[in-house]
Amino acid sequence: MHTLVLGAAVAVLGACGDNLADDELRQGGARTVDDRTREAFTHPLPGLEDGQLERHRLGRGPFGFQWMAPQLGPLFNHDACVACHAGNGRGLSQIGPSVFGSQSLIRVSLASGTPSVPGGPVPVPEYGTQLQDHAVLGLPEVRVTLTWIDRNTQYGDGEPVTLREPRIVVTRPDGSALPPFDMSYRQAPPVFGLGLLEAVADDTLRALADPDDADGDGISGRVNEVWDEVARATRIGRFGHKASVATLVEQTAGAFVNDMGLTNRMFPEGDGMTDVSGMQLDQTIFFTATLAVPAAAPRDGAAVRGRGLFDDFGCASCHTPTLVTGDSHPIPQLRGQTIHPYTDLLLHDVGDDLTDARRDFLAEGVEWRTPPLWGLGLTMVVEPEATFLHDGRARTVAEAILWHGGEAEAAREAFRLATRRDREALIAFLATL
Ligand code: HEC
Ligand code: HEC
């Protein structure tokens, strides 16, 4: 992370008054809601006008709707946005033929060849860049099985921990082998607060980036540069685990067509027909851009200490506590907000243990987008079975930290080798988010 920007962020915080901890609890700035129940991620931004509120409520329809044939499919992963983003939170690391739909999905590509969009992944013949493991009629594209392999490690004080990692096997529906291609298995991230992340100015992200680690702190985040189908230009990527999508427009239109087989204005059928109307698409995009961020819980003594350790261990170098949104987002309520998402939206090398060995625009296998940590403590309130990291391998927040490597190895080791009391304090802080 670039020190100049750190200075700027501190100056912004200083301007908010002396009670820094209290300010940080309003994680979405003025777009924060006070709800830490299982409904926490379901609220529209405070401050929407009547017409906007109506649009948000209409967008909840197509997001929650269980689509059926003839719109659904013919190939799909699941039949509703909310089936993978339950309560607008994250999905389960669950995939395979035994259930009606899969809550996670597999992106695929070839290591070389001609990409379908400039700079993007190279589609696999027959399969494109995403596998659909379900079909309305007949056989799906593939059969996927997921199993978990245990791996043992220990804390500095000798306390043992068992981690687990996924093994994905993909075959043709009849069980026969497929030609080799690159695969990336991903679970669904939460969808609240994304309008605010979209509203952070490109310049802010570029200033946070330090691709050559010029400041020598061992942390060299960089932006992903991705193809924006609407602008027909290359832009900074923000969404998805590899920041491979630039806008909520494209993320939403892409989810309709790829995850559910629902054609739309951006991705129509050959004859120009669509399953989803232009109005439904726009309402769903507006809905995903206008979900509020829950306030953090008040911090007790342990959590206050944990907040300090979050800085001391180096977590904050990537999980940037404070960002200020820019002044050009089309939704005025998203502009000029001081937010606490704990992300820089940049790509970081977090080590070989987490690699998917697949390139996604500029992102290499070992690189992932720093995920926002706001709402982290509500994860299991919203979905008791939910798990962490891009593929859901981590069953607890502590396991998620123990998987960090690469540029985050020093931070992980600081946590792993800390006293039990300090580890618990850090976890107590993260539980307040
Ligand atoms: C089959 C499960 C599934 C369905 C159905 C699904 N999603 Fe997702 N969603 C995912 C996964 C997996 C990702 C992460 C994709 C990646 O990393 O490339 C994701 C990512 C997202 C993101 C980006 C979140 C972020 O933090 O960057 C948004 C927004 C989103 N989905 C919205 C939707 C909408 C809207 C729909 C319905 C039109 C939908 N999703 C349907 C699984 C699903
Ligand atoms: C070098 C940058 C970097 C540092 C330093 C770092 N992280 Fe992360 N963190 C990431 C990235 C990138 C991911 C996503 C990895 C993945 O999904 O495989 C992540 C994922 C996480 C997750 C899982 C979030 C979720 O929604 O599933 C948690 C929790 C987390 N980090 C906490 C921490 C803590 C606590 C520290 C300090 C001990 C820390 N991180 C240090 C970059 C970093």
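## A walk from His85 to the second iron

Let's start at His85, which sits in the loop between helix H4 (81–84) and strand S3 (104–109). Helices here are DSSP runs of H or I with at least four residues, strands are runs of E with at least two, and both are numbered from the N terminus. Keep in mind that this is a predicted model, where local features need pLDDT of at least 70 and side-chain atom pairs count only at pLDDT 80 or more, while totals for chains, interfaces and linings use all residues. Residues are numbered from 1 along each chain as its sequence is written, chains are lettered from A and ligands numbered from 1 in the order in which they are written, and side-chain values use heavy atoms, with hydrogens and water left out.

His85 has 16% relative accessibility, so it counts as buried (buried means under 20% relative accessible area, exposed over 50%, partly exposed in between, using a 1.4 Å probe and protein chains only). Setting aside neighbours within four places in sequence, His85 is in contact with Phe63, Ala188, Pro189 and Val191; contact means heavy atoms within 4.5 Å. His85 also meets a metal: its NE2 is the single protein donor to the iron atom of ligand 1, 2.1 Å away. Donors are N, O and S atoms within 2.8 Å of the metal (3.2 Å for Na, K and Ca), and water is not among the atoms, so sites may look incomplete.

Now for the other iron. The iron atom of ligand 2 is coordinated by NE2 of His319 and NE2 of His404, at 2.0 to 2.1 Å. These two come from distant parts of the chain, 85 residues apart: His319 is in the loop between helix H9 (301–312) and strand S12 (323–324), and His404 is in the loop between H11 and H12. Both His319 and His404 are buried. The site has six donor atoms with angles of 88 to 179 degrees, and it is octahedral. That label goes to six donors if opposite ones are over 155 degrees apart and all others between 65 and 115. For comparison, the ideal angles for six octahedral donors are 90 or 180 degrees.

Follow the chain on from His404 and look at helix H12 (residues 409–416), where the buried residues are Ala411, Arg412, Phe415 and Arg416. They cover an arc of only 135 degrees around the axis, which puts them on the same side of H12; the arc is that of the directions from the helix axis to the C-beta atoms. Why might that spacing work? An α-helix has 3.6 residues a turn, so residues three or four places apart point the same way. The buried residues of H12 pack against strand S6 (143–154), helix H11 (397–403) and helix H13 (420–431).

A few spots in the backbone deserve a look too. The loop between helix H3 (50–64) and strand S2 (75–76) holds Pro70, which is joined to Ala69 by a cis peptide bond with omega about 10 degrees. Pro74 lies in the loop between H3 and S2 as well, and the bond from Gly73 to Pro74 is cis, with omega near 15 degrees.

Finally, step back. The protein has 13 helices and 15 strands, and buried residues make up 53% of its 433 residues. Its C-alpha trace spans about 60 × 55 × 40 Å along the principal axes.

Terms used:
Tetrahedral: all angles 85-135°; square planar, octahedral: opposite > 155°, others 65-115°.
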